[in-house]
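Welcome, and please open your viewer. We will walk through this molecule one selection at a time.

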Amino acid sequence: YIPCALCPDLEEGQIRENGLYNSLKQFNIYPTRACEKLKAILLDEEEAAQLGVPPKDAAIYLTRTTYCNDTIVELNISYVRGDMFVYSVELQNR
C-alpha cells in the first residue's frame, strides 16, 4: 500500500520498470527507514491456494512499514512460502 496523496500519478508500469523506491524519487520521496516484522504461521486455505501449497503449510507473514522521516510511504504485507524463505543478517560493530 502506498498513500495516493503522496504520489497521485504513480502508476504500476513505473514501478515495474523502475522499482518502487526509484519511482518514489520522482515524487521527491526518499525512504529514510523501514520496520519489518516476521512471524511464522500456518497457511489457511485461501493463502495456501495463492501460494500453490497445501493448507497448513508453514510460511512467513512479513510486514514492512517504510517511512520518509515520520511519514509512512509504504505498507507491505507478504506471505512467503516456508520452503522458499531464507533469513540472512549481517551485523557489524561500528
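**A tour from sheet to cysteines**

Start by selecting K37, whose bridge partner in β2 is T63. Keep in mind as you go that this is a predicted model.

Now widen the selection to the two strands around that pair. β1 and β2 (residues 58-68) run antiparallel and are joined by 10 bridges. Add β3 and you have an open sheet of three strands, ordered β1-β2-β3 with antiparallel pairing. Look next at the edges, where β1 (33-42) and β3 (71-81) each have a single partner strand, so one side of each lacks a neighbour in the sheet. Turn the view to follow the twist, which averages 15 degrees from one strand to the next.

Next, show side chains for C7, L10, L20, L24, I29, C68 and V73: these seven residues make up the largest nonpolar core. Pick L10 and display its surroundings; leaving aside residues up to four places away in sequence, L10 touches I2, I15, S23, L24 and F27. Then move to a second, separate core of five residues, among them I41, L43, A48 and A59.

Finish with the cysteines. How many disulfides are there? The count is zero, taking sulfur atoms within 2.5 Å as the criterion. Select C4: the nearest cysteine sulfur belongs to C7 and lies 7.4 Å away. Is C4 buried or exposed? With 61% relative accessibility, C4 counts as exposed. Now jump to C68, for which the nearest cysteine sulfur, again that of C7, is 11 Å away. C68 is buried, at a relative accessible area of 18%.

Notes:
Residues are numbered from 1 along each chain as its sequence is written. This is a predicted model: local features need pLDDT of at least 70, side-chain atom pairs count only at pLDDT 80 or more; totals for chains, interfaces and linings use all residues. Side-chain values use heavy atoms; hydrogens and water are left out. Two strands pair if DSSP finds at least two bridges between them. Helices (H or I, at least four residues) and strands (E, at least two) are DSSP runs, numbered from the N terminus. Axes are lines fitted to C-alpha atoms, for helices over the stretch in contact, and angles run from 0 to 180 degrees between N-to-C directions. A nonpolar core is a set of buried Ala, Val, Leu, Ile, Met, Phe, Trp, Tyr and Cys residues joined through side-chain atoms within 4.5 Å. Buried means under 20% relative accessible area, exposed over 50%, partly exposed in between (1.4 Å probe, protein chains only). Contact means heavy atoms within 4.5 Å.
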